[in-house]
Amino acid sequence: MTYAQYGSIQASDFNTLVGANPGSTINVLNTTWATGAASAGYGQTAEGNVASGDVITASKWANLVNKTASAATHQGSSITSVTAPVAGGTITYLSAIPTNLTTIYSNKLNAATQSSTTSNAVVSASTWSSIATFTHTATFANGDAARYFFNSGGQLAITCAHANNTAGINLLLNNLCSNVGTVVMSAPTSGTANIAGTSYNGITRVGGGGNAPTISTNSGYYAWTTANANVYYQTASTGPSGYLSTNINIFVKTNGTVGGNGDVGNVVTIYTVWDEIPNGLTVGTGSTTTLTVRPPEVTNLANTWGTISLAGSVTQS
């Protein structure tokens with residue numbers, strides 16, 4: 001039978017609500033909370049199934065209720081409050097349980113808060129007059145670690161800065177960097193995720209100004225491949241006559257699928273290309289591109305994404 005009012009609660013009812021692990025069935029606990037698959041799964045401890053004929057203990061139901069509540073709090077989701085049963089108490093039908101599971105699955109990429117950031121800033125120590133390519137890598141322990149990071153509300157962000165604003169091409173780049181704002185990379189390949197109070201596409205510019213950029217909004221983590229994807233492009237809006245085609249371009253790729261649960265890679269490579277058009281004017285030192293990691297929160301979730309290794313370099317001509 002199925003979980004319903006006035007019915008006897010059977011092992012199969014509990015198992016249907018909890019789901020397998022790993023698994024991709026929608027609207028069950030383990031798909032959102034535990035390993036899941038692709039863009040579902042926080043990597044938390046799975047709730048085990050109950051063998052047919054076994055007693056469904058109060059502690060098992062309490063785990064289902066409490067883990068659902070923790071997921072909802074992590075997301076900032078509004079669910080119906082359910083009191084977890086205690087030993088010796090009666091386990092009754094509660095229509096809120098399936099509804100709450102549907103809510104946390106639907107909002108699985110949302111996160112109410114994040115943890116403290118870490119950054120890797122790469123600074124050009126010499127002048128250049130053609131192109132400067134900043135390369136950053138973010139390396140996760142494995143494919144699931146990368147999945148859990150992005151699924152739990154983790155993000156990567158690129159910012160640019162050019163301290164020299166005296167005149168000419170230096171002032172142009174100073175303004176262009178400001179106009180780029182912060183380019184944030186999240187999980188979605190369609191729609192949005194609400195993270196720390198802001199709605200994000202897969203690629204989102206926060207702040208900035210100047211000419212309207214070209215943004216590949218649906219190119220979040222799950223859209224990345226081993227080929228470079230041009231996710232952001234913006235040209236200069238002020239500067240020397242004839243140089244307003246100067247631009248900043250951002251490309252992203254991964255090392256490709258490494259696990260069996262729907263990841264797209266555990267090494268993310270980001271190229272931020274500053275291109276002076278036409279070539280020839282000397283850009284002063286201090287051109288800077290920074291990769292910032294915004295990890296998920298660890299109050300409601302355990303850290304299942306691990307330590308993220310950052311590296312960066314620049315080549316220029």
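Which residue's side chain meets the side chain of K60 in a salt bridge? Keep that in mind while we look around. One caution before we start: this is a predicted model.

Now the answer. The partner of K60 is E47, and the N to O distance is 2.8 Å. Where do the two sit? K60 is part of helix α3, while E47 belongs to the loop between α2 and α3, so their salt bridge ties together parts 13 residues apart in sequence.

Are these two buried or exposed? Take K60 first. Its relative accessibility is 18%, and buried means under 20%, so K60 counts as buried. E47 has a relative accessibility of 5%, so E47 counts as buried too.

E47 has another partner. It forms a salt bridge with K67, and here the closest N and O atoms are 3.0 Å apart. K67 lies in helix α3 and E47 in the loop between α2 and α3, so this pair ties together parts that are 20 residues apart in sequence. K67, at 15% relative accessibility, counts as buried.

How many salt bridges does a search of the whole structure find? It finds 3. We still need one. That is D144 with R147, where the closest N and O atoms are 2.7 Å apart. Both residues are in helix α5, which covers residues 143–151. They are 3 residues apart, so about one helical turn separates them. R147 is buried, with a relative accessible area of 0%. And which residues do shared partners join into one network? E47, K60 and K67.

Let's step back to the whole chain. It has 317 residues, and 48% of them count as buried. There are 6 helices and 13 strands. Along the principal axes, the C-alpha atoms fill a box of roughly 80 × 30 × 25 Å. The chain exposes about 12,800 Å², with carbon and sulfur atoms supplying 49% of that area. Now consider contacts with a separation of 6 or more. Residues 24 or more positions apart account for 70% of them.

Next, the strands. Some background first. Strands of a sheet pair through backbone hydrogen bonds, either parallel or antiparallel. In this model, one open sheet has 6 strands, with antiparallel pairing. Find the order on your screen: β8-β9-β10-β11-β2-β13. Which strands are at the edges? They are β8, residues 214–215, and β13, residues 309–316. Each of these pairs on one side only.

Look inside the sheet at β2 and β11. Strand β2 runs over residues 131–139, and strand β11 over residues 267–275. They pair in the antiparallel sense over 9 bridges. Want one pair to find? I131 stands opposite D275 in β11.

A helix lies across part of this sheet. Helix α6, residues 168–180, crosses β9, β10 and β11. Its direction is at about 125° to β9. For orientation, β9 is residues 229–235 and β10 is residues 247–254.

Last stop, helix α4, residues 96–106. Which of its residues are buried? The list is A96, I97, N100, L101, I104 and Y105. What covers them? The cover includes α1, residues 11–18, then α2, residues 29–33, and α3, residues 58–75. We have met α3 already: K60 lies in that helix, and K67 does as well.

To close, go back to the opening pair. Find K60 and E47, whose side chains meet in a salt bridge. Then add K67, which E47 also bridges to. Thanks, everyone.

Conventions
Residues numbered from 1 in each chain as written. Heavy atoms only, no water. Pairing = 2+ DSSP bridges. Helix = DSSP H or I, 4+ residues; strand = E, 2+ residues; numbered from the N terminus. Contact = heavy atoms within 4.5 Å. Axes fitted to C-alpha atoms, helices over the stretch in contact; angles between N-to-C directions. Buried < 20%, exposed > 50% of the residue type's maximum accessible area, 1.4 Å probe, protein only. Salt bridge = Lys/Arg side-chain N within 4 Å of Asp/Glu carboxyl O. Areas by Shrake-Rupley, 256 points an atom, 1.4 Å probe, with all protein chains shown as cover.
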